[in-house]
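Student: Could you take me to one residue and look closely at where it sits? Then please set it against the rest of the fold.

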Amino acid sequence: MSTLFARVFRQAWATFEHTGAGDAKFASNLHALRRLVDQLTLSDIGLEPSLVATETFQQPTKAPCTYVGVFENERFAMSVFVLRENYTMPLHDHPQMHGLLRVVSGAVQICSYSEIARRDTVEPRDGTLRRHVLVVAEPEKIISSAVGDCAVLTPTERNFHEITAIGGPAAFFDILSPPYNSASQPQYYFYRKVPVPRHLAEMEPLGFGGPDKPSAQEDERPRYVLETIPNPEHYYCDTVHYATPEFMYQPEGGGGGGAGAGGGSATADRNV
């Protein structure tokens, strides 16, 4: 465990516990957090290289994804995911979240999308929510464990994505705020891409066409409609226990606040 990781944790605490997205200090706190997360390595977090070894994923009963719950409370969560080579974490959303994703071993390709508009309907037979989201595709990004290579999502940008391990197994660390299981957090969904209806192809999304924004006609990014689907059967995780460092129990040098430390429950469909 490194002093850098302790600094990451305390900066995350300062960012998400003491400021919110509407706070004047939030942007600077988030920027400071990203600069620290950009430097993290697998050993900083206290995890063994064997977790990401090709041999580990050759075991016949091994899940395609390993989940390590590092910390979680009502305001933010930290975790590590390890994906086998060429495995894709399915397309999913991050409703109303801020997030940082740092590859700590190997490399991943991230395909991200930003929302323009959505339509929700409820199936009359069983009450199931069916959601269609019009999105623009952000440029595909390959990020690796090289220093200074961190992905960021916000409540309005890049908050739908799928992640693929390339060139071997890959591990990434993430921070999400608020976490998925917080009382105020909407449910997350998995999606598939479907053809874009003609009448949506030139819809002007909120914020487009302003002084510093392109119009729909000027924006050359591809558009897709994302449709909710059931949890994919191929996506499941095994879990690894995390040895909680002492600083997580005393995030501000004093008592309390660390109740969720090491909170890695055995859940089959964790997302980042």
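Tutor: A strand here is a DSSP run of E with at least two residues, and strands are numbered from the N terminus. The model is a predicted one. By that numbering, R192 belongs to strand 9, which covers residues 190-194. Its relative accessibility is 45%. Partly exposed is the class between under 20%, which is buried, and over 50%, which is exposed, so R192 counts as partly exposed. Leaving out neighbours within four places in sequence, R192 is in contact with V225, L226, E227 and I229. R192 can also be placed relative to H132: the two are 60 residues apart in sequence, and their C-alpha atoms are 9.7 Å apart in space.

Now the setting. The protein chain has three helices and eleven strands, and along the sequence the pattern is α-α-α-β-β-β-β-β-β-β-β-β-β-β. Of its 272 residues, 52% count as buried. Among contacts with a separation of 6 or more, 79% join residues 24 or more positions apart.

For the interior, start with the largest nonpolar core, which holds 37 residues. F5, V8, M78, F173 and I175 touch the most other members. Several elements give two or more residues to this core, including helix 1, helix 2, strand 2 (77-83) and strand 8 (160-177). Helix 1 supplies the largest share, eight residues. A second, separate core has 24 residues, among them Y67, M89, A170 and F172. As a general point, nonpolar side chains tend to be buried together in soluble globular proteins. M78 shows the contacts of one core residue: beyond four places in sequence, the residues it touches include F5, V8, F9 and A12, as well as F173, I175 and M248.

That leaves the helix that gives most to the first core. Helix 1 (residues 3-17) packs against helix 2 (residues 26-37) at an angle of about 160 degrees, and their axes are 9 Å apart. Helix 1 is therefore roughly antiparallel to helix 2. The crossing of helix 1 past helix 2 is left-handed. On the helix 1 side, the residues that meet helix 2 include L4, V8, Q11 and F16; their partners in helix 2 include F26, L30, L33 and V37. The residues of this contact divide into eleven nonpolar, three polar and one charged.

Definitions and conventions
Residues numbered from 1 in each chain as written. Predicted model: local features only at pLDDT ≥ 70, side-chain atom pairs only at ≥ 80, totals over all residues. Heavy atoms only, no water. Axes fitted to C-alpha atoms, helices over the stretch in contact; angles between N-to-C directions. Helix = DSSP H or I, 4+ residues; strand = E, 2+ residues; numbered from the N terminus. Parallel < 35°, antiparallel > 145°, perpendicular 65-115°, else oblique. Left-handed = near helix turned anticlockwise from the far one by under 90°. Contact = heavy atoms within 4.5 Å. Nonpolar A, V, L, I, M, F, W, Y, C, P; charged D, E, K, R; others polar. Core = buried A, V, L, I, M, F, W, Y, C linked by side-chain atoms within 4.5 Å. Buried < 20%, exposed > 50% of the residue type's maximum accessible area, 1.4 Å probe, protein only.
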